[in-house]
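Me: Please give me a close look at the nonpolar side chains that pack together inside this structure, and tell me what surrounds them. I am new to it, so a careful and connected account would help me most.

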Amino acid sequence: MSDVIILAIETSCDETAVSIVKNGHQVLSNVVNSQIESHKRFGGVVPEVASRHHVENITIVIDQAIIASGLTWDDIDAVAVTEGPGLIGALLVGINAAKALALAHNKPLIPVHHIAGHVYANHIEERLTFPILALVVSGGHTELVVMKDHLDFEIIGQTRDDAVGEAYDKVARTIQLPYPGGPHIDRLAAIGEDNLNLPRPILEGYDFSFSGLKSAVINTLHNKNQKGETYRKEDVAASFQASVIDVLTEKTFKALDTYNINQLLICGGVAANKGLREKMTTLCAEKGIKLMIPPFELCTDNAAMIGAAAYYQYLNQQFTGMDLNGRSNIAL
C-alpha cells in the first residue's frame with residue numbers, strides 16, 4: 001500500500017495546531033500556537049477570546065506546518081479536523097479552514113473525535129496492539145475506555161461532574177496559583193506532605209467524581225482560615241494530588257483486572273502530570289502491566305494526534321461532506 005499523508009487541524013480549545021502525519025505515526029511537522037498567555041489574566045479559557053485568536057492564527061499555522069514538512073499539496077492525501085467535543089466557536093474556525101482546504105485542493109475531509117486523537121497520540125511513539133484500556137485525563141474529560149481494535153471505543157467509566165483537569169484548575173485558583181493550575185500543583189506536590197486527610201471519592205463501578213474532592217479542599221482551607229490556622233500551599237497540593245491519584249489508580253487497576261487486560265494507555269493533558277506518571281509506572285511494573293504514555297508534548301492538545309487517528313479513518317473511507325459542523329458534545 002502507498003503512503004498516506006494527512007494534514008490535520010486541531011482547534012477545540014485554546015491551541016491553534018496543524019500537523020502533517022504520514023501513515024498515522026510519522027510526524028512530518030507539528031506546529032502549535034498556544035494562547036495560554038492571553039487567558040492567564042482571566043484565570044481560564046474565555047471562549048470568545050479563543051475563537052478570535054484561532055481566526056488570527058489559523059492560516060499562519062497551516063503555512064508553517066506545510067513549509068516545515070517540505071511537502072506540497074500534491075503530496076497530501078486528505079485533510080482531517082477535530083469535529084468535537086470542544087468550544088463550539090473554536091471548533092468552527094478549524095472546521096471551516098479544513099473545509100476550505102479540502103474543497104480548494106480536492107482532498108477528502110475526515111472528521112476526528114478529540115478524545116480519539118488523545119488516544120492515538122500514543123500510536124505515534126509505539127504502534128497500538130489490542131486489547132487496551134485507555135485512561136483519558138484532561139481538562140474536560142476523565143474516562144476509562146476499552147479498545148479491542150482500531151477505532152473501537154467502549155466507554156466503561158466517566159466523570160459525573162468535574163473532570164480531573166478541571167478540578168486541578170479550581171483547586172489551584174483556591175490557593176492563588178496561576179492558570180493553568182495543573183503543572184503548578186504537580187510541582188508543589190513533589191515537595192509537600194499529604195497531611196490534610198482529604199477524602200478519596202470512590203463510586204460504584206468505574207465512574208469518577210471530583211467535585212466533592214474540590215469542595216473538600218475549599219472547606220478545609222476555609223475552616224483553617226476561620227480558626228486562624230496556617231497551611232502550606234505545598235501540602236494542599238500534595239494532599240489533593242494524592243487523593244486524585246489514589247482514585248485514578250484504584251479505578252484503573254480494577255478495570256484492568258475485570259476486563260483481563262494487561263496494557264494500559266494514559267492520555268490527555270493530565271497525562272503530563274509527573275506524580276501520576278510515576279505512580280502508574282511503579283504500579284504497572286509491580287503488576288506486570290504494559291504502560292504507554294505519550295511524551296509531554298503529545299499529552300496536551302496538538303494536531304499530530306488528530307492525524308494519527310485520521311489515518312485509520314482514511315483506511316476505512318470515513319469521510320464527510322462540506323456540511324460538516326462543529327459539535328461541542330459528541331459521543332466517542
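Reply: The protein carries 26 positive and 38 negative side chains, and the centres of these two sets are 5 Å apart; Lys and Arg count as positive, Asp and Glu as negative, while His and the chain ends are not counted. For this purpose a charge is placed at NZ of Lys, CZ of Arg, CG of Asp or CD of Glu. The model is a predicted one, in which local features need pLDDT of at least 70 and side-chain atom pairs count only at pLDDT 80 or more, although totals for chains, interfaces and linings use all residues. Residues are numbered from 1 along each chain as its sequence is written, and side-chain values use heavy atoms, with hydrogens and water left out.

The overall frame comes next. The protein has eleven helices and ten strands, where helices (H or I, at least four residues) and strands (E, at least two) are DSSP runs numbered from the N terminus. Its radius of gyration is 20 Å, close to the 20 Å that the globule rule gives for 332 residues, so the protein is as compact as a globular protein of that length; the radius is taken over C-alpha atoms, and the rule is 2.2 Å times the number of residues to the power 0.38. The C-alpha trace spans about 70 × 45 × 30 Å along its principal axes. Of the 332 residues, 54% are buried, a word that here means under 20% relative accessible area, with exposed being over 50% and partly exposed lying in between (1.4 Å probe, protein chains only). Among contacts with a separation of 6 or more, 74% are between residues 24 or more positions apart, and a contact means heavy atoms within 4.5 Å.

Now to the part you asked about. The largest nonpolar core has 47 residues, and the members that touch the most others are L133, L135, F210, F240 and L264; such a core is a set of buried Ala, Val, Leu, Ile, Met, Phe, Trp, Tyr and Cys residues joined through side-chain atoms within 4.5 Å. The elements that give two or more residues to this core include the strands β6 (132-137), β7 (142-147) and β9 (263-267), together with helices such as α5 (164-174), α7 (211-226) and α9 (274-287). Helix α8 is the one that gives the most, with eleven residues. A view from a single residue helps here: setting aside residues up to four places away in sequence, L135 touches ten partners, among them L144, F208, L248, L264, I266 and M280.

A second, separate core has 36 residues, and A8, A17, I306 and Y311 are among them. Elsewhere along the chain, I9 lies in strand β1 (residues 5-10) and is buried, with a relative accessible area of 0%. I9 is 73 residues from T82 in sequence, and the two C-alpha atoms are 6.6 Å apart in space. S69, which is found in helix α2 (residues 47-69), is likewise buried, at 14% relative accessible area. Apart from its neighbours within four places in sequence, S69 is in contact with I20, L28 and S29, and its C-alpha is 8.7 Å from that of S19, which is 50 residues away in sequence.

The loops hold some further details of the backbone. G84 and P85 are joined by a cis peptide bond with omega about -10 degrees, and P85 sits in the loop between β4 (78-84) and α3 (88-105). The peptide bond from Y179 to P180 is also cis, with omega near -5 degrees, and P180 belongs to the loop between α5 and α6, two of the helices that contribute to the largest core. N23 has a phi near 55 degrees, a positive value in a residue other than glycine; N23 is in the loop between β2 (15-22) and β3 (26-34) and counts as buried at 17% relative accessibility. The phi of N197 is near 55 degrees too, but N197, in the loop between α6 and α7, counts as exposed at 72% relative accessibility. Another exposed residue is S2, at 58% relative accessibility, and the C-alpha atoms of S2 and N197 are 58 Å apart, with their positions 195 residues apart in sequence.
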